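Biologist: I'm new to this one, could you walk me through a bit of it?
Modeller: Gladly, let me bring it up and we can start with the strands.

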Amino acid sequence: MSHKRLILQAFLMLVSLMVAYGTLIAQNAIPSETKVMEPIPTESRRLSLETAGAFVNDGFRIRDGEWSGKLSGGAPLILQVTLFAGENYWFVAASQANRIPLRITVYDATGKPVKGLTWHDPFQEKGERSGSRSAAGIVPNQSGKYYVGIEFVENSATQNGPIDFSMVYCYK
Amino acid sequence: MLTGRYFAILIMATLGSLRASTPPAPDFNLRPLTEPQMQGAVFLDALSVPSPGEIFSALNKVCRPNWATLVTPATAPVTTERSQLALVVGVLAANGYVAVEAQDGQQVKNVGREMMIVAKSLGVSQSLLGRGNSLMEFADNNDWEALSDELEATENEVKNTMVDQKDHDLVTLTSAAAWIRGLEIATRIVLSSDSLLGKEELRQPELARRLAAQLNAIPDRMRRGLLVPAVRQTLESTASLLDDPETNPEALRKRFSKIHDDCSAVVKLILNTPAPTATPSLSPFASPSSSTKPGTMTNPSKP
């Protein structure tokens with residue numbers, strides 16, 4: 001009888017380890033990288049364009065291009081941009097992953113963070129809307145090269161693996 | 001009884017392993033970028049290179065250019081040289097933005113038509129037919145904002161098709177040409193004002209240098225002839241001229257005149273139908289006079 005119990009115990013432990021391992025693999029997998037073609041447009045792009053649409057109502061123009069990729073917690077990705085003095089810019093990022101605290105930071109040519117406006121989706125924080133959205137706005141006081149950094153902070157509410165993101169920017 | 005206990009163990013073990021895999025939240029204080037981060041920054045043609053529309057929008061803020069006097073009809077050259085055709089797409093796109101700013105619907109249509117001809121020569125016209133029709137429709141309806149968006153989308157669609165056809169280097173040529181044509185127009189606007197209004201907006205030496213470096217890296221077969229080396233040389237000299245923090249107004253004016261003349265000469269070269277010998281006769285730096293005309297700004301005051 002005790003022999004049977006031991007076998008059952010060992011079996012259940014093995015199953016629990018397999019379930020945990022499987023969950024981790026699923027979180028860290030990057031399935032879309034192996035895909036031949038991404039859906040057009042991706043859900044993240046759709047969300048970023050939808051969010052940027054609010055700025056269009058305020059006279060902003062959205063650039064046709066998009067920056068997309070996979071973002072891991074604690075590892076910011078950096079994009080170089082060329083901005084003009086006196087122009088208003090909003091950088092809008094979105095992810096199809098729910099309730100991810102995306103943070104966008106604009107840096108000047110020397111790498112120093114530039115002060116500006118930030119926007120976070122209040123509905124997302126309350127869990128009332130799917131996906132994650134965030135935006136950062138600046139008015140550069142000199143023309144030239146700038147950097148835009150995007151990152152997210154992992155916490156118990158977010159997933160650990162890489163998440164899809166899409167960033168667009170608008171100007172006026 | 002036993003099953004319930006083992007089920008509880010199973011749940012706890014699963015949750016425990018998940019919790020252990022969640023790292024603590026990193027420091028959220030803003031820190032400057034490190035040199036490797038800046039060096040490794042992504043450079044995307046579609047976002048890192050500003051569209052001519054962006055330059056013009058910035059200039060509209062500091063002065064009020066008379067865009068109607070800046071519209072220049074351009075015809076695509078008759079050529080089969082793909083590098084030249086890619087450069088022509090860039091010039092035409094910039095011309096389209098000028099026409100949109102001038103709210104000249106007929107000129108936008110002409111630009112759209114010329115772009116379609118070039119796209120056909122490049123073999124990328126199939127996906128562009130819809131774009132061409134949209135340009136015509138928006139021009140007919142005087143929908144200037146939609147036209148501006150459509151122009152950028154058309155340019156990007158040409159570039160995307162180039163990438164699909166493994167012609168990624170042509171994309172750099174298109175971007176460089178659009179930037180040069182935009183700079184030619186923009187410097188003309190700046191020079192038309194006594195106090196060089198808008199000069200600060202054009203200080204983008206890094207971009208000119210970056211585009212020149214990209215042109216340096218394209219295959220030799222694309223750098224044959226005078227055209228691509230002339231574009232690269234113009235970008236390099238422009239970068240040097242914009243880099244120097246000159247404050248003397250006269251020296252600055254000379255500097256902007258030089259940029260304008262160089263850009264103007266190279267744009268002419270791009271739009272020039274090559275002679276049958278395939279050696280363009282016009283040197284981009286042989287233009288002796290500036291085409292700058294005073295009075296292209298109607299109301300040079302800050303809004």
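Modeller: Before we look at pairing, a word on the term: two strands pair if DSSP finds at least two bridges between them. Please also keep in mind that this is a predicted model.

Biologist: OK, so how many bridges are there between S6 and S7 of chain A?
Modeller: Strand S6 of chain A, residues 117-120, pairs with S7(A) over four bridges, and the sense is antiparallel. Within that stretch, Leu117(A) stands opposite Gly137(A) of S7(A).

Biologist: And in which sense do S4 and S7 of chain A pair?
Modeller: Strand S4 of chain A, which covers residues 89-95, pairs with S7(A) in the antiparallel sense over seven bridges, and there Val92(A) has Ala135(A) as its bridge partner in S7(A).

Biologist: Is S7(A) itself mostly covered or mostly open?
Modeller: Mostly covered, since seven of the seven residues in S7(A), residues 132-138, are buried. That holds for both faces, with Ser132(A), Ser134(A), Ala136(A) and Ile138(A) buried on one side, and Arg133(A), Ala135(A) and Gly137(A) buried on the other.

Biologist: Switching topic, how many disulfides are there over all chains?
Modeller: Zero, according to a search of the whole structure. Cys63(B), for instance, is in no disulfide, and its nearest cysteine sulfur, which belongs to Cys263(B), is 17 Å away, whereas a disulfide needs the two sulfur atoms within 2.5 Å.

Biologist: Are those two cysteines buried or exposed?
Modeller: Cys63(B) counts as buried because its relative accessibility is 0%, and Cys263(B) is likewise buried, with a relative accessible area of 0%.

Definitions and conventions: Residues numbered from 1 in each chain as written. Chains lettered and ligands numbered in written order. Predicted model: local features only at pLDDT ≥ 70, side-chain atom pairs only at ≥ 80, totals over all residues. Heavy atoms only, no water. Buried < 20%, exposed > 50% of the residue type's maximum accessible area, 1.4 Å probe, protein only. Helix = DSSP H or I, 4+ residues; strand = E, 2+ residues; numbered from the N terminus.
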